[in-house]
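Please look first at the sequence and the fold as a whole, and then follow the text from the overall dimensions down to single residues.

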Amino acid sequence: MFASLHRGEFMRLILAALVALTLTTTVQAETVAISADHMVDVLSGKTTDKPLVVVTDGRITAVGRQGSLNVPAGAKLIDLPGRTILPGLIDMHVHLTALAEVGGYQGLRYTDSFWSAVGVANALKTINAGFTSVRNVGSDDFQDVGLRQAIDGGYIPGPRMTTAGYAIGSTGGHCDRGGLPPSMDVVQKSVINSPDEARAKVRWLHKYGATVIKICATGGVFSLGDSVGGQQLSFEEMKAIADEAHMLGLRVAAHAHGNDGIKTAILAGIDTIEHCSLADDATIKLAAEHKTWFDMDIYNDDYILATGTANGTEQESLDKEKLIGRLQRETFRKAVRAGVPMLFGTDAGVYPHGDNGKQFATMVKWGMTPMQAIQAATKSAAEALGKTGDVGAIVVGRYGDIVAVSGDPIADITLLQHVDTVIKGGVVVKGGK
C-alpha cells in the first residue's frame, strides 16, 4: 500500500496519525474534588479536619487539607459541609441474592430466576447504605457472579463484589440443601466428599467466576437436621481446599459455629472464619497466633429472634439461634480482647439488606472502640480481601470510594446507620449536596 503513495501523501498520513495520537493522549481525565469538615483516617486511627480529596478517573490522586491542597482547575467540587467522610464501607459476609423476608420452605414458592432479580434490588440497597464493597459468600447458579458482572459493566448500580458462587460442603451438611424427602433428592453442585473432590470443586468454581471460596466447616442455624456446632468437613478436605485456592490466588472463608470446626479450619490454613460462635479460649488464642481473621455477624440475632417464624423460619432454626446468639457475642468480646484480627460481616440476607450499618453499634457494645469497628469494615476488610491497593482507606492510589455522615461517627457510631452521601470511584451514587 505505502509503496504506491507519493512521498508527500505518505508524510501527510504520518502527520494525521500523530495529530490523532496527540489528541487521544491529551484528553483531560475526569477529576472531582471532595471537601468536608472532617475525615476518619483509618490507617492512623485518627480524625483530621478540613480534608480535601481529589479523584481522577476513579482513583484518588491527592489527599490533603483545604487551603494547603487546592481544587484542580476544571475539577467538579463536591462540598460536604458539616459532614465527616470515611472510606467506602466493606461488608465481608453478605448474600445479595437472598431475602430475610422469605425464609424456610417459603423460598420454594419462587422460580429460580427470582433470586437474581431481587439481587439487583439488594445491591442498590447495600450501596445506598454506604457499603461500596461486599464479599458475597454463597449463592446458587452463580447468581452473584452475574450480579458482579452487571455492576462492573455499569448496567446496574451496586457495590464492588467479591463472589464465591456456590458455598461448598459435605453431603447432608450446611451447604447441602436439606429438609426434603429422599424421593426429591438431587446431588447439589455444592457438595464434596473427599480431598480430591474438594480440589476439583475449587477449580470448577474458579473456572466460572468465583473470586473467593466459601466452605461449610460445621452445621448451621438455617440448615435443617444438623447440629449447629458439629464439624462437617475433615482437616484433609479443608486443607485441600485451602491449598488449591491459594495456588489459584483465591482466599477461603469457612462457615464455622462449633469449636472443633473453627480450630480445624485455622490449622488447615483457611483465611477467614465466619460466625465463630462457640470458639473456646484455646481456639481464640490459636486464631490470634495464626492471625486468622474472625468475621462475626453479631447483630442479626436481634432480627432473627424478633421476627420468629413470621418469615417462614422453622422453629428448629429459632431454637439453634437461641442456643448460640448470646454465646457468639461473648466469644466476640473474648476475641477482641485476645487480639484476634476482626472483620465486619453481617450475613445480610438473614436480616434485611440495607440495615448493614446497624451492626457497628453492636460491635461497640460488645467490646470494640468505634475506631476499631470502623477499621474492621475498611482497613482490615481490605487486608483480608487482599485489596489494599484498591479499597479500605482514603489514600492516593485507591478507588475514590467515600461515604459521608452528618456529625462525628467516633462520638456516635450509630451515625453509620444513616449514611447520607455515597461516592464510588469518584461518582456520586447517593446524596452529594
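The paragraphs below go from the whole chain to one helix and then to several residues.

This is a predicted model, in which local features need pLDDT of at least 70 and side-chain atom pairs count only at pLDDT 80 or more, while totals for chains, interfaces and linings use all residues. Residues are numbered from 1 along each chain as its sequence is written, and side-chain values use heavy atoms, with hydrogens and water left out.

The protein has 12 helices and 16 strands, where helices (H or I, at least four residues) and strands (E, at least two) are DSSP runs numbered from the N terminus. Along the principal axes, the C-alpha trace spans about 80 × 60 × 45 Å. A compact globule of 433 residues would have a radius of gyration near 22 Å, and the 24 Å of the protein agrees with this; the radius is taken over C-alpha atoms, and the globule rule is 2.2 Å times the number of residues to the power 0.38. Of the 433 residues, 53% count as buried, a term that means under 20% relative accessible area, with exposed meaning over 50% and partly exposed in between (1.4 Å probe, protein chains only). If contact means heavy atoms within 4.5 Å, then among contacts between residues at least 6 apart in sequence, 67% join residues at least 24 apart.

The surface can be described in a similar way. The protein exposes about 18,600 Å², of which carbon and sulfur atoms supply 54%; accessible areas come from the Shrake-Rupley method with a 1.4 Å probe, and for residues only the protein chains shown count as cover. There are 40 positive and 46 negative side chains, and the centres of the two sets lie 5 Å apart. In this count Lys and Arg are positive and Asp and Glu negative, with His and the chain ends not counted, and the place of a charge is NZ of Lys, CZ of Arg, CG of Asp or CD of Glu.

UniProt, in an unreviewed entry, places the feature "domain: Amidohydrolase-related" at residues 84–429; its positions are given in the numbering used here, feature names are shortened, and annotations may be inferred rather than shown by experiment. Over residues 84–429 the chain is 36% helix and 14% strand, and the end C-alpha atoms are 17 Å apart.

Helix H3, residues 143–152, is mostly covered, with 7 of its 10 residues buried. The buried residues of H3 are Gln143, Asp144, Val145, Leu147, Arg148, Ala150 and Ile151, and what covers them includes helix H2 (114–128) together with strands S7 (131–136), S8 (160–163) and S15 (421–424). The loop between S7 and H3 holds aspartate 141 and phenylalanine 142. Aspartate 141 has a positive phi of about 55 degrees although it is not a glycine, and phenylalanine 142, also not a glycine, has a positive phi of about 55 degrees. Aspartate 141 is partly exposed, with a relative accessible area of 46%, whereas phenylalanine 142 counts as buried at 15% relative accessibility. Just after H3, glycine 154 takes a positive phi of about 80 degrees.

Which residues does methionine 161 touch, not counting those up to four places away in sequence? Methionine 161, found in strand S8 and buried at 6% relative accessibility, touches Leu96, Val134, Asn136, Asp144, Leu147, Arg148 and Ile151. Its C-alpha atom lies 5.8 Å from that of arginine 135, although 26 residues separate the two in sequence.

Arginine 135 also leads to valine 94, which lies in strand S6 (residues 89–94). The C-alpha atoms of valine 94 and arginine 135 are separated by 6.2 Å, with their positions 41 residues apart along the chain. Valine 94 counts as buried at 0% relative accessibility, and, residues up to four places away in sequence aside, it touches Val134, Arg135, Asn136, Val137, Thr346, Ala348 and Asn356.

Leucine 96 lies in the loop between S6 and H2 and counts as buried at 0% relative accessibility. Beyond four places in sequence, the residues that leucine 96 touches include Val118, Gly119, Val134, Leu147, Met161 and His353. Leucine 96 and aspartate 347 are 251 residues apart in sequence, and their C-alpha atoms are 9.5 Å apart in space.
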